[in-house]
Protein chains: 2
Amino acid sequence: MASIKDVAAEAGVSVATVSRVLNDHPSVSADARTRVLAAVEALGYRPNAVARSLRTDQTRTLGLVISDVLNPYFTELARSVEEEARALGYSVIIGNADERPDLQDHHVRTLLDRRIDGLLVSPTDGGSPLMLDAARAGTPMVFVDRWIPGVDVPVVRADGRAAVRDLVAHLHALGHRRLAIIAGPAATTTGSERVEAFREALAEYGIPLPEAYIGQGDFQAESGRRVTEGFLDLPEPPEVVFAADNLMALGALDAVRARGLRVPEDLALAAFDDIRWFVHTDPPITAIAQPTGELGRAAVRALVDRIEGREPRSVTLPARLVVRRSCGEQPASPEPDPVQNRSTS
Amino acid sequence: MASIKDVAAEAGVSVATVSRVLNDHPSVSADARTRVLAAVEALGYRPNAVARSLRTDQTRTLGLVISDVLNPYFTELARSVEEEARALGYSVIIGNADERPDLQDHHVRTLLDRRIDGLLVSPTDGGSPLMLDAARAGTPMVFVDRWIPGVDVPVVRADGRAAVRDLVAHLHALGHRRLAIIAGPAATTTGSERVEAFREALAEYGIPLPEAYIGQGDFQAESGRRVTEGFLDLPEPPEVVFAADNLMALGALDAVRARGLRVPEDLALAAFDDIRWFVHTDPPITAIAQPTGELGRAAVRALVDRIEGREPRSVTLPARLVVRRSCGEQPASPEPDPVQNRSTS
DNA sequence: CCGGTTCATGGAATCGATTACATCGGCGTG
DNA sequence: CACGCCGATGTAATCGATTCCATGAACCGG
């Protein structure tokens with residue numbers, strides 16, 4: 001592969017001049033510029049990003065560590081992150097933690113070794129020493145969706161409290177009184193927060209949330225299925241199950257189906273995180289929708305602010321309830337247009 | 001951030017010795033080794049991958065350019081690719097082309113600039129000069145799922161011919177005679193191949209495939225919707241629509257629903273690419289399942305073979321038909337266990 | 001006891017860029 | 001006309017690793 005030296009030789013100038021042309025430094029003669037450009041063209045030269053990064057100590061790359069690529073929520077997040085980063089002149093390297101702290105650490109480590117300019121994380125757990133050290137050592141970092149308490153890192157997330165309240169109101173209006181939740185891992189903020197929001201909303205209606213109605217999941221489908229089966233085996237099974245993410249809702253659906261039961265007649269179902277398929281499931285699933293794209297973009301902006309020396313800000317956006325039929329009632333009007341628009345920056 | 005020099009100073013040895021310890025070169029005294037390791041520990045030193053790559057001319061990184069991250073098929077592919085690569089000691093950088101040739105080029109270019117060791121591509125189009133040049137210039141490269149004819153690059157893909165034949169047999173047995181297809185872009189192999197396989201299978205039953213029954217999609221949901229509406233507006237609409245990927249099937253579902261029609265009574269539906277949600281849609285969707293994980297792993301192995309100087313081989317794996325209810329018949333026995341196992345290497 | 005291995009180690013070149021500093025010619029101004 | 005400044009260019013240092021080569025010590029066998 002041709003290097004800057006080859007270009008310099010071909011153009012009959014020094015490497016310094018070539019570099020100046022490439023980084024359009026002002027003092028280069030028009031003549032030199034044309035010759036260099038011609039040589040670049042002739043040799044098909046492309047600057048070596050590795051060498052450049054070593055010298056300039058910046059990679060113009062952001063690392064994104066997400067909890068699970070198979071979860072459509074994170075996939076959409078990743079897409080918007082990459083889009084905004086690209087607009088700002090950065091690349092993104094994605095690491096998939098698969099909800100496993102050890103894998104998360106693996107990716108954080110390799111990303112750090114590559115000297116990425118900043119890190120976007122949706123932590124799988126309470127925070128490994130590695131990540132904490134990196135944050136303390138001053139690696140530009142922003143948490144998105146989930147975060148780790150007690151660390152001085154900006155957080156970009158959605159607040160589901162109001163939407164959960166709306167959901168509980170909806171369920172209560174439908175006559176449901178025995179409400180259960182499939183929680184995420186307690187080590188994640190979204191794991192515990194959603195349970196808390198649910199409990200508080202129930203309290204407003206004087207409805208208790210017994211231990212037996214709090215199932216411990218891990219944000220993966222299989223756990224949703226297992227927990228739901230446990231619920232169904234209870235002497236007094238719940239009337240409604242609220243899954244803390246869409247994958248566990250899928251697992252719940254699997255469990256219900258395996259028993260030959262029906263949603264919502266035998267068990268109502270709602271989920272945190274809305275995805276397109278929820279419109280077409282049997283029945284369509286009531287869900288709490290996050291402004292995912294906005295979150296991704298805001299997170300990138302915050303991180304780039306931090307990297308480029310500006311003051312980054314935490315951002316909290318509201319989530320909203322999308323009522324469908326999985327809890328028992330036909331919504332008043334059909335959804336306007338189920339095909340979401342995809343921006344194509 | 002501490003560099004190898006700092007470690008050398010701390011340990012009272014030269015950088016050469018530090019490097020030897022780190023790459024466990026045989027001739028280092030036990031004493032020097034302990035002192036270096038202690039210094040590494042004390043300083044929290046991590047080798048700079050950028051510098052190492054510059055010197056060794058290898059990044060131990062693979063590039064993966066996929067057509068669309070929002071498509072669960074590619075997401076699963078990406079996951080298995082990363083998994084296998086990690087097992088072989090490589091990292092993966094994913095580029096999402098969003099089915100846009102310009103974006104695909106953008107990612108290929110940045111990956112090449114980063115001097116990745118090899119490239120895995122599922123081309124969005126017939127092949128840009130950039131990609132063709134890279135292949136000719138000797139960049140280790142493997143096509144996965146889709147490929148570009150006439151280029152000497154190994155291909156790892158699934159052959160859907162037999163499964164499409166099974167599908168047509170199934171549809172024919174159900175009495176359907178007017179069969180339409182929503183094709184992918186003709187520039188992609190999967191776009192044209194699936195139509196060809198469908199046409200050939202139909203021919204075996206003496207069923208024609210009129211132009212009007214070939215809708216031109218682009219593998220995105222919106223196109224599936226548009227094409228399906230066109231089909232429904234035909235004087236003689238088809239009885240079955242076969243979508244060449246899962247996203248266009250989603251769009252088709254949207255279109256059917258918007259008209260207040262029902263699947264399969266008013267229009268039967270089948271899709272290429274099976275996804276977990278198809279079990280729970282209304283109705284469950286008949287689909288052709290690819291061995292996605294196996295494809296990803298085989299692709300990585302082929303690419304790494306090429307990188308490490310061994311002879312890479314093209315691989316073709318069979319796809320299989322999964323019958324559900326969307327074409328009209330209740331399958332004989334329910335699916336055994338809808339929760340797929342996820343390997344957790 | 002001596003010549004030749006072998007082993008441990010350090011010095012320095014190198015990868016491909018960027019950039020500080022030096023140099024040189026030309027031009028404007030007093 | 002001379003001085004100083006500015007614009008264009010080149011030389012060389014530098015980033016953080018790896019690795020070739022030289023050096024010196026220790027050790028072995030004859």
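Here are three worked exercises on a predicted model with chains A and B.

**Exercise 1. Work out the strand order of the open sheet in chain B, and say which strands stand at its edges.**

Step 1: Walk across the sheet. You pass six strands of chain B in the order β7-β6-β8-β9-β10-β12, and the pairing is mixed.

Step 2: Look at the two ends. β7 (214–216) and β12 (320–322) of chain B have a single partner strand each, so one side of each goes without a neighbour in the sheet.

Step 3: Check the twist. On average, and ignoring direction, neighbouring strands here are turned by 20° against each other.

Step 4: Zoom in on one pairing. β6 (residues 179–183) and β8 (residues 240–243) of chain B run parallel, and four bridges join them. For I182(B), the bridge partner in β8(B) is A243(B).

Step 5: Add the helix. α9 (residues 189–204) of chain B packs on this sheet, where it touches β6, β7, β8 and β9 (268–272) of chain B. The direction of α9 makes about 170° with that of β6(B).

**Exercise 2. Describe how much of chain B and chain A meets, and what the chain B side is made of.**

Step 1: Count the residues. On chain B, 56 residues are in contact with 57 residues of chain A.

Step 2: Turn to area. About 5,400 Å² is buried between the two chains, with carbon and sulfur atoms giving 56% of that. Within chain B, the residues that lose the most area to chain A are R115(B), W277(B) and H280(B), together 15% of what that side buries.

Step 3: Tally the polar links. Between chain B and chain A there are 17 residue pairs in polar contact, counting pairs with both residues at pLDDT 80 or more.

Step 4: Find the elements involved. At least two residues of the chain B side come from each of α4 (49–56), α5 (72–87), β2 (91–96), α6 (101–113), α10 (221–233) and α11 (246–258) of chain B.

Step 5: Sort that side by residue type. You get 21 nonpolar, 15 polar and 20 charged residues.

**Exercise 3. Find the salt bridges between chain B and chain A, and place one of them in its structural setting.**

Step 1: Start wide. Over all chains, the whole structure has 46 salt bridges.

Step 2: Narrow to the interface. Six salt bridges cross between chain B and chain A. One pair of side chains to look up is D98(A) and R79(B), at 2.7 Å from N to O.

Step 3: Take another pair. The side chains of D113(A) and R46(B) also meet in a salt bridge, at 2.7 Å, N to O. D113(A) sits in helix α6 (residues 101–113) of chain A, while R46(B) is in the loop between α3 (30–43) and α4 of chain B, so this pair joins two chains.

Methods: Residues numbered from 1 in each chain as written. Chains lettered and ligands numbered in written order. Predicted model: local features only at pLDDT ≥ 70, side-chain atom pairs only at ≥ 80, totals over all residues. Heavy atoms only, no water. Pairing = 2+ DSSP bridges. Axes fitted to C-alpha atoms, helices over the stretch in contact; angles between N-to-C directions. Contact = heavy atoms within 4.5 Å. Buried area = accessible area lost by both parts, 1.4 Å probe. Salt bridge = Lys/Arg side-chain N within 4 Å of Asp/Glu carboxyl O. Polar contact = N/O pair within 3.5 Å; in protein donor to acceptor, adjacent residues only side chain to side chain. Nonpolar A, V, L, I, M, F, W, Y, C, P; charged D, E, K, R; others polar.
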